[in-house]
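Please open the model in your viewer and keep the selection tool at hand, since this tour moves from one selection to the next and says what is found at each stop.

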Amino acid sequence: MNELTDVQTRLLEFLRDGIFSAETQVTVETDLIASGFDSLSLVSLLVFIEQTYGLWIPQNEINEANLKNIRTVAAVLVRLLNECQPPS
């Protein structure tokens, strides 16, 4: 099972290093769209998630509410990952 805080940390590191400039202060609560997160950023994030977690986020999960901040993105990701895991 993927821990929410671990996923948040990895996403935060990716966004800080690969998406936002060093001048942009990004936390798990930062409004991504208001901070300049755009369609190119979204594609980069989706590729990172696929490469890191082996999961492509379904189109119906890609919406403003789920992309609000890292906390919401991580919650969706953890939910989807847990749904994909077979019961133990």
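A polar contact, as the term is used on this tour, is a pair of N or O atoms within 3.5 Å, where within protein one atom must be able to donate a hydrogen and the other to accept it. Please also keep in mind that this is a predicted model.

**First stop: T52**

Select T52, which is found in helix α2, and show its side chain together with the backbone of F48. The side chain of T52 reaches the backbone oxygen of F48 at 2.8 Å, and this distance falls within the 3.5 Å used for a polar contact. T52 is partly exposed, with a relative accessible area of 25%. If you then add T30 to the selection, you can compare two separations, because T52 and T30 stand 22 residues apart in sequence, while their C-alpha atoms are 22 Å apart in space.

**Second stop: the aromatic pair**

Stay with F48, but turn now to its ring and select F14 as well. The structure holds one aromatic pair. The ring centres of F14 and F48 are 4.3 Å apart and the ring planes meet at 15 degrees, so the pair is stacked, given that planes under 30 degrees apart count as stacked. Because F14 lies in helix α1 (residues 4-18) and F48 in helix α2 (residues 39-53), the pair ties together parts that are 34 residues apart in sequence. Are these two residues buried or exposed? F14 is buried at a relative accessible area of 19%, and F48, with 16% relative accessibility, counts as buried too.

**Third stop: Q8 in helix α1**

Remaining in helix α1, select Q8, which lies in that helix and is buried, with a relative accessible area of 7%. When residues up to four places away in sequence are not counted, Q8 touches V28, I70, R71 and A74, so it is worth displaying those four residues around Q8. For a longer view, add Q59, which is 51 residues from Q8 along the chain, with 21 Å separating the two C-alpha atoms.

**Fourth stop: D31 and K68**

Next, select D31, whose place is in the loop between α1 and α2, and which counts as partly exposed at 26% relative accessibility. Which side chain does the side chain of D31 meet in a polar contact? The partner is the side chain of K68, at 2.6 Å. Although D31 and K68 are 37 residues apart in sequence, their C-alpha atoms are 5.5 Å apart in space. With D31 still selected, show A34 as well, and you will find the backbone nitrogen of A34 lying 3.0 Å from a polar atom of the D31 side chain.

**Fifth stop: L40 and S41**

Now return to helix α2 and select L40 and S41, both of which are placed in that helix. L40 counts as exposed at 64% relative accessibility, whereas S41 is buried, with a relative accessible area of 8%. The side chain of S41 makes a polar contact with the side chain of D38, at 2.8 Å. Beyond its neighbours within four places in sequence, S41 is in contact with I19 and G36. I19 is also a useful marker for L40, since the two are 21 residues apart in sequence and 9.2 Å apart in space, C-alpha to C-alpha.

**Last stop: the cavity**

Rolling a probe the size of a water molecule over the atoms shows where empty space is left. In this model the count comes to one cavity of 30 Å³ or more, and about 90 Å³ of space lies in the largest cavity. To see what surrounds that space, select its lining, which consists of L42, L45, L46, I49, I57, E61, I62, N63, N66, L67, V73 and V76. Helices α2 and α3 (70-84) each supply at least two residues of this lining, and the largest share, four residues, comes from α2. Coloured by class, the lining shows nine nonpolar, two polar and one charged residues.

Finally, pick out N66 from the lining, whose place is in the loop between α2 and α3. N66 is buried, with a relative accessible area of 19%, and it touches E61, T72, V73 and V76, not counting residues up to four places away in sequence.

Definitions and conventions: Residues numbered from 1 in each chain as written. Predicted model: local features only at pLDDT ≥ 70, side-chain atom pairs only at ≥ 80, totals over all residues. Heavy atoms only, no water. Phe/Tyr/Trp six-rings, centres within 6.5 Å; stacked < 30°, edge-to-face > 60°. Buried < 20%, exposed > 50% of the residue type's maximum accessible area, 1.4 Å probe, protein only. Contact = heavy atoms within 4.5 Å. 1 Å grid on protein atoms, 1.4 Å probe; cavity = no way out; pocket = protein on both sides within 12 Å on 5 of 7 lines; lining within 4 Å. Points joined across faces, edges and corners; volume = space filled by probe spheres on them. Nonpolar A, V, L, I, M, F, W, Y, C, P; charged D, E, K, R; others polar.
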